Structure formats: C-alpha cells, structure tokens
Amino acid sequence: KMAAAAAGGAGAAAALWSEVNRCGQNGDFARALKSVNKILQINKDDVTALQCKVVCLIQNGNFKEALGVINTHTKVLTSDVIAFEKAYCEYRLNRIENALKTIQSASQQTDKLKELYGQVLYRLERYDDCLAAYRDLIRNSQDEYEEERKTNLSAVVAAQSTWEKVMPEDLGLREATYELCYNSACTLIGQGKLNEAMKKLQKAEAFFLFALVFLQDATEEDIEAELAIIHGQMAYIMQLQGRTEDALQLYNQIIKLKPTDVGLLAVIANNIITINKDQNVFDSKKKVKLTNAEGVEHKLSKKQLQAIEFNKALLAMYTNQADQCRKLSASLQSQSPEHLLPVLIQAAQLCREKQHAKAVGLLQDFADQHPANAAEIKLTMAQLKIAQGSVTKACMILRSIEELQHKPGMVSALVTMYSHEEDIDSAIEVFTQAIQWYQQFQASQPRGANEQGLPKSPVHLSLIREAANFKLKHGRKKEAISDLEELWKQNPKDVHTLAQLISAYSLVDPEKAKVLSKHLPSSDTMSLKVDVDALENSHGATYVRKKAGKLAGDNQQKEQGQGDVKKKKKKKKGKLPKNYDPKVTPDPERWLPMRERSYYRGRKKGKKKDQVGKGTQGSTTAGSSELDASRTASSPPTSPRPGSAAAVSATSNVIPPRHQKPAGAPATKKKQQQKKKKGAKGGW
C-alpha cells in the first residue's frame, strides 16, 4: 500500500510539474503558483518548488511575500541558490544597501547579478563604480540586451555630468534610440550647452514618434508618459534660458495630463515653485503637495530631494510660517552641516523678523565652525551691515576675507565704500595692501619673455594706476607721483603714464614737469596719417565742414551787398500792470501765491455780502429781516389774526419777499443766456 501511495504521489507531482511548466511558458504565473503550492504540500522542503514559488511571486509583483519565503527557508534556500532573487526583491523594495550586501556575499557573480549590481550602484549614486560595472558588462557579453546596457551606460554619464559636474568622455555610443538621445541631452545640460541639448531632445521626440509605428501594443498612457519626460526636460531648459513664461506653460500642460510618474510630477512642481518665488504663493502651496507624494524619495536623486526641501523652507518663509521655516531649515542643517543654504534661510527669516543682529551672529558662528565656507557667509554678513547703515563694519568684514581681499572687484568695492564714508586713508591702505600682495605673488613667478622683463600678469600695474588716480582726485599729489613714477619705471614707453606724471608734477614742481616733458615724443612722430576731410565728411560726424564752393559763393554775395546791415531783432518790452506806479517799490513777494505770503492773515469771517435768493430753498440771509413783512411797525409780534395779513398787504407799499428782485438780477440772466448761446452746439 505504501509503495502504491508513493507511486500515486509521484504521478500527481509529475502532473503538477507539467502544469507549472505550461503556465510558466504562457506567462500565467498566478495559476503556476497554485500548482507549486500543491507540490509543496507534498514536499515542503522541495528546493526547486520553493525557487519556483519565489519566481512566481516576483512575476506577480509580490516582492515582500517572496522575500518572506526566502527568509523562512534559509536552510534550504542558501545564498548560492537564490542570491539573485533575494537581491532583486530587496532592490524592488528599495532596500538598496541590503541588496548590495546580498550581491557582494554571493559566491559566484553571474551575469544577472552583475546587471543588478550596476543598477544598485546607480541608485546609491556611486557613479564611478557603476560606470566601470557597465563597461565590463558591455565588453564581456553579447546578447539581445546590449542596447539596454548602452542606454544605462549613457544614463550614468548624464548623472555624472549633472550632479557631479564631471566632464564626460566620449563613449562613442551611436544615438540610435530616443533613450540614448535623451540621455545625451541630459549630459549637455550638465555641461551648460542648452541650445545643443534642446536639439537633442527634439531629436529624441522625433525618434519616439517614429518608433510608435512599430509599438502596436503601446497604450495612450504609455505614449503620454514618455513624451511628458521629454517635454519636462525641454521646459527645464527654457527655464534655465530665462524663458519662464514658455516653461511655465509647458509645465502646466504636463501636470494636466496627470502622469503616473510621481518623480516627474515632483520635479515639475518644484520648478514651478521656483518660478513663482514669493509671488502666487497659493499656487505654490498646491504644488508642494505633489512633492510629498508617496515614493518620491525613491525616484529622485539626493540633490533633487535636497533642492525640494530647500524650496519648502523658502516657501514657508514667504508665507510667513516662521516656525515651519525654522524647523525645515534646522532639519536640513542637521543633514548637511556644511551646506550654506540652511543657515542663509535661517538668517533671512530672522531679518524678516527685524532681528538683524541675531542673524549676523548666526552667520558668524557658522563661519567660525566652517572656515572653508566662510567667504560666502561673510559676504552675506557685509550685505546685512550695509543694509543697517554700518558701512565701516561691513568694510571690516570684507577685509577679513583673506582669499578675496586682493581681488580687483573687492578692492574696488572697499575703496568705494570708504570713499562714501570719507575715510580716504583706509581706502589708500586697501590699495597699498593689494599692490603689495600682487608684487609678492609676481616675485615668485617666472619672468615673461618680453624685452622689458615685465611679469606675465599686469593686474598690480592696473591697481597702481587706479591708486594714483584716486590719490590725485583726493589731493594726495606726492603719493600719486610716487605711484606714477613706479608705473613709468616699469614701462618707459608708456606715453599715457608719462603725461599723467607731468600733469601731477606741474601742480607740485613745475621745473620737474618741464624736465620730464622732454621725454615726450615730438609732434611729428605722433602725427597720424588721417584724411581730415574724409573724416569730417564721414557719416556720423558731429561737425561737417562746409564745402569750399558754397563758402566762395557766400563771400561773393557778402562783397556785393556790403552795405546791407543785418536786422537786429527788437526785444519786446514787458507789459506792466495797469495800476503800476514807478515811484512805489514792487512787492518782493508778488510772485508767491497769496496764501504763502508773510502778510496773509486769511479771510475774515462774518462779512458776507447779502445774497438774496442764493442757497437752498427756505434758507435765510443777513438782509432777510428787512424784507420780512411780518416785522413792520403795524404788525403784532405774534401771528396775525385771520384777515389781518390781507389788510396789511392792501394798505402797505412793502413788496413781499417772493416778489422782490435782487439787485443785478437782469444782468446775470443776460450773462447766463449769452453763455448758453456760446456753448449751445448741437442739440440734446
């Protein structure tokens, strides 16, 4: 019976294995997994069945479950047996460090492990090791995946150019696919060759559209996803070129398509935020949500993620979220203690809160802790001091930057600032220190091959000339003369310097100026062969000499009419006011408005003219009491009896107010009629 049962079990297992084989060839791994589980019920430690189960789970995308099976059966599934599957599951679960350890611990490095090793190194951003791994793969393998390996190799070169600013070597890759063209464009962007990069992206887009003819199974979503990546890089180039409106329009078009690539959406949202800056912050707040999507941290490089975090901190500052800004910048500083941006953001936030002294102290502490980055920090500190009006303190900070204090730009800035503060001695000291530094530097350099044996770099000579001009401008003639003599000694053939020296001596020692003037070249040697007539008659000349024929004709006319005298224009006498009295001195304040004159006391109140009939209906004026019939001698102080008013009006000669005409009423009516006639053009 036992033999029969074993034979029956063996037959069932064979049938199951054939089912697994058939489903695997058809790509139906879900059904194959069911058959494998039945086999494992018969023999739970079957190595082949366990391997098949892991493969089926991987093909179905169940990487966590597959890794669980591997870790559960470690005694059976040793690292030699299933190293690739374990490393691949760890890679897909974004456990990159674990995947690297698994690959390195494998006793035999198969081609599959080498391929995965290259991918792991790329994710870890170890681009030099990754480049070497792919070169070895391309050199030692010949199969249908050679094009994919070349694409990965070009991606590594593009990453080196973009993130590490490494000058890429020519790998001799033929850009036969749109992926290779795209990676080549990314490499050119890293080099700053934006126009060439744009052409490469346009070529990549054309390659992709052409390849669609052969990709019959490609869905519309796949097409839009691939084009979105290319268009996103095009928009990035536009943004770098300053074409922000075009870039913003293309970015928004990509977002409207709603691509499934969270990494692409995060990058585009971040770039839109950088375009908005401190404007349109509500739109930026919406875009920030795209950068917080799940899985973004596994799709982008460390520098991309860092840039997004920096922009989040800046956006918090622009939206007056001070606590959030400090929290983000502090987190960034803990992650990258030597990076400048976190401390600069914190200082900017303190300045927005009017805490300038605290901001300067924060920058000073950072400069003390990180001397390598002290130069940029001190420049910011100087800018804050200038904003506070402490120009002298700003100069002290700038002069403490040893690696920049001798640079011509720094010298110029310090001299300008000291001149603004009228500290001429300090400005001259800046010139002197810079000149001495260049002299010491050039003393250690080999001499040039010219006749005078001049140093190769003439920067200190230009500084001496600028110092001399500055001293002459501020009355330090003797010091300027010594500088000019030094310049002339360096190059005795420099006529310009000699002329300056003579001009300076003429103010101090005229005799010395005469002696030096003998060294000036004669006028004959300095004459240039210039056609003066052609120069004066040339297009654009400010003065054009009149032609000789015209001048002769004018002279003849003058000789014929010598008796004619030019008519002089008579100056018109100014009109005097009607009440002008030559015996009375004119008012010196007559040109000022009346309100601005010293004797103006304002209008006197209470002396208004009687204005009958003016104002609102029912209002009274100063003379209304005289026109009130009820206040006559015959009328009682109270209201009259019925009929008395009629008696008064019949017996009295006083005209009631409503029938009176104010003085000048007819004249005003005539004037109003005339105005109406003059202005009556057309009809209503």
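## Reading exposure in this model

A residue counts as buried under 20% relative accessible area, as exposed over 50%, and as partly exposed in between. E309, with a relative accessible area of 27%, is therefore partly exposed. Keep in mind that this is a predicted model; the same cut-offs will help with several charged residues below.

## The overall fold

Let's start with the whole chain. The protein chain has 34 helices and zero strands. Of its 684 residues, 31% count as buried. The accessible surface comes to about 46700 Å², and carbon and sulfur atoms account for 52% of that surface.

Contacts tell another part of the story. Taking contacts between residues at least 6 apart in sequence, 48% join residues at least 24 apart.

## Salt bridges within a helix

How many salt bridges does a search of the whole structure find? The search finds 17, and two of the pairs described here sit inside a single helix.

In helix α17 (residues 302-318), E309 and K312 lie three residues apart, about one turn of the helix. They form a salt bridge whose closest N and O atoms are 3.3 Å apart. Partly exposed or buried: which describes K312? K312 is buried, because its relative accessible area of 16% falls under the 20% cut-off. Its partner E309, at 27%, is partly exposed.

Helix α15 (residues 281-291) holds the other pair: K287 and D283 are four residues apart there, a separation of about one helical turn. The closest N and O atoms of their salt bridge are 2.7 Å apart. K287 has 11% relative accessibility, so this lysine counts as buried.

## A bridge between helices, and a network

R399 forms a salt bridge with E429, and here the closest N and O atoms are 3.5 Å apart. This pair links distant parts of the chain: R399 belongs to helix α22 (residues 391-399) and E429 to helix α24 (residues 424-443), with their positions 30 residues apart in the numbering. At 37% relative accessibility, E429 counts as partly exposed.

Elsewhere, a network of salt bridges links E19, R22 and R31.

## A negative patch on the surface

Where do negative charges gather on the surface? E144, E147, E148 and E179 make up a patch of negative charge there. One of these residues, E147, is found in helix α9 (residues 146-163). E147 has a relative accessible area of 34%, which means it is partly exposed. That value also fits the patch criterion, because patch residues need over 30% relative accessible area.

How values were computed:
Residues numbered from 1 in each chain as written. Predicted model: local features only at pLDDT ≥ 70, side-chain atom pairs only at ≥ 80, totals over all residues. Heavy atoms only, no water. Patch = residues over 30% accessible without salt bridge, like charges linked within 9 Å, V, L, I, M, F, W, Y side chains within 5 Å. Areas by Shrake-Rupley, 256 points an atom, 1.4 Å probe, with all protein chains shown as cover. Salt bridge = Lys/Arg side-chain N within 4 Å of Asp/Glu carboxyl O. Lys, Arg positive; Asp, Glu negative; His and termini not counted. Charge placed at Lys NZ, Arg CZ, Asp CG, Glu CD. Buried < 20%, exposed > 50% of the residue type's maximum accessible area, 1.4 Å probe, protein only. Contact = heavy atoms within 4.5 Å.
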